[in-house]
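Q: I'm new to this structure and would love a close look at a single part of it. Could you walk me through the sheet and whatever packs against it?

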Amino acid sequence: MRYISTRGEAPALGFEDVLLTGLATDGGLYVPESLPHFSLEEIRSWRGLPYAELAFNVMYPFVEDAIPADDFRKMLEEIYSGFAHQSVAPLVQLDSNEWVMELFRGPTLAFKDFALQLLGRLLDYVLEKRKQHVVIMGATSGDTGSAAIEGCRRCEHVDIFILHPYQRVSEVQRRQMTTVQGDNIHNIAVKGNFDDCQRMVKESFGDQSFLGGKTQLAAVNSINWARIMAQIVYYFQASLALGGPDRSMAFSVPTGNFGDIFAGYLAKKMGLPISQLVIATNRNDILHRFMSGNRYEQQQLEHTLSPSMDIMVSSNFERLLFDLHGRDGAAVKDLLENAAKGPVSIEDYRWKAARKLFDSDAVDDKTTCDTIREIYEQNEYLLDPHTAIGVRAARNCRRDASVPMITLGTAHPAKFPDAIVESGLSVKPQLPPHMADLFEREERYTVLENNLAEVQGFLSKHWKNA
Ligand SMILES: *Cc1c(COP(=O)(O)O)cnc(C)c1O
């Protein structure tokens, strides 16, 4: 399978190069040139399969040029047997025909494990084959850093350096990153804020000479195609568990960078009957404003109780815009260049086409807390703030009560205890057994000044073969 850029000017690449590349050279994002399509009969035949086998069926067409089937199968079995639930992505019923799909049973308790566990192994596999090494450099304010570290802990050809703002991430989040042992894992606490960390990463990608030409940087952010691919699988799993593909489903997805929900859109295009996708945002609602009024306009970043959805622009939205414009890269490039300068709209018929499938809602902190409390009172079930936004949006946007509505449960409530306190509940969410000793584990991190040369010096000295 070949992959092409959403801005139409970068060369088409195969899977291995897309995996290692991240952003295309024209500033666009890579998407498959054409998608595999499964018949209802074929999808039906997957009913009851273990998660890893279903994952193989859904994903293999994307990677077959790069990885022999048996190796890919083995990789998937290893990954998903590490999740703390036999079904990997269990469904919990909230009400008649309404469910939460728990995507937080992986090592770091957020859905990002689904993709980053796979990404780490894929990178190592391809690098072994090519006899290459990479240094992953990333900045995090929370979930991505820990999931990326966990995903790379066993990689032989990858060193990972994650920058977080010193004393500005929650203790659970810091400990999830700093207690992972491995001599290829490096946590750096920068005496600055998240933007400082991110700027240093960006500048380092722009000029990698500090590495002396002996290795190269790689990115694991959510524009990496392999991350999207891994997220398509659980839409199939949920549907098959609830009577699909012989009935259609609706999904509500807590959304930040539009990665997770874009995977749902792809599942539909690959043949899974999905009649509605709800984009659930917090106060950072650029996507909701677009979906409700065809106006795409950046606004100031707001800090909310659902920090993993605090974004100004959703990078993966470009992949949907590409399809909405008939895969015309030049049109996407134009649109996004204009969007950087001020508000933009798309042609009405294109916007209406999107609205056939997508609805949206924006949920503020107070309503998030009200929803956590309401669901707890109704079901004695605790939602994390991101999932709570999904559930609220699902209830507000539902089109048809006879269609199962599934909200993606993106994080474990124990990861975000502040929101539970704020909601006025006196229950305290407990970390699951495999994490229960998190606060006793030994931490390893290095505190550095907010200074690019110092951070780059640390990287060049500490990667494995330096
Ligand atoms: C990353 C994240 C999201 C947003 O996912 P996107 O793919 O960026 O839309 C939502 N909830 C949690 C808990 C997350 O970690």
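A: Let's start with one pair of residues: F161 stands opposite H186, which belongs to strand β7. In this predicted model, the two strands concerned are β6, covering residues 158-165, and β7, covering residues 185-190; they run parallel and are joined by six bridges.

Now step back to see where these two strands sit. They are part of an open sheet of five strands, and reading across it gives the order β8-β5-β6-β7-β13, with parallel pairing. As a general point, strands of a sheet pair through backbone hydrogen bonds, either parallel or antiparallel. At the edges you will find β8 (216-218) and β13 (446-448); each has a single partner strand, so one side of each is left without a neighbour in the sheet. If you follow the sheet from one strand to the next, the twist averages 30 degrees.

Next, look at the helices that meet these strands. Helix α6, made of residues 143-152, packs on the sheet and touches β5 (134-139), β6 and β7. The direction of α6 makes about 160 degrees with that of β6. Helix α8, residues 194-206, lies across β5, β6, β7 and β8. Relative to β5, helix α8 runs at about 150 degrees.

So much for the strands and helices; here is a last stop at the ligand. D143, a residue of helix α6, is among the closest of the 15 residues that surround the ligand, along with K112, G256, N257 and D260. That shell divides into five nonpolar, seven polar and three charged residues.

Technical notes: Residues are numbered from 1 along each chain as its sequence is written. This is a predicted model: local features need pLDDT of at least 70, side-chain atom pairs count only at pLDDT 80 or more; totals for chains, interfaces and linings use all residues. Side-chain values use heavy atoms; hydrogens and water are left out. A residue is near a molecule or strand if one of its heavy atoms lies within 4 Å of it. Ala, Val, Leu, Ile, Met, Phe, Trp, Tyr, Cys and Pro count as nonpolar, Asp, Glu, Lys and Arg as charged, and the others, Gly among them, as polar. Two strands pair if DSSP finds at least two bridges between them. Helices (H or I, at least four residues) and strands (E, at least two) are DSSP runs, numbered from the N terminus. Axes are lines fitted to C-alpha atoms, for helices over the stretch in contact, and angles run from 0 to 180 degrees between N-to-C directions. Contact means heavy atoms within 4.5 Å.
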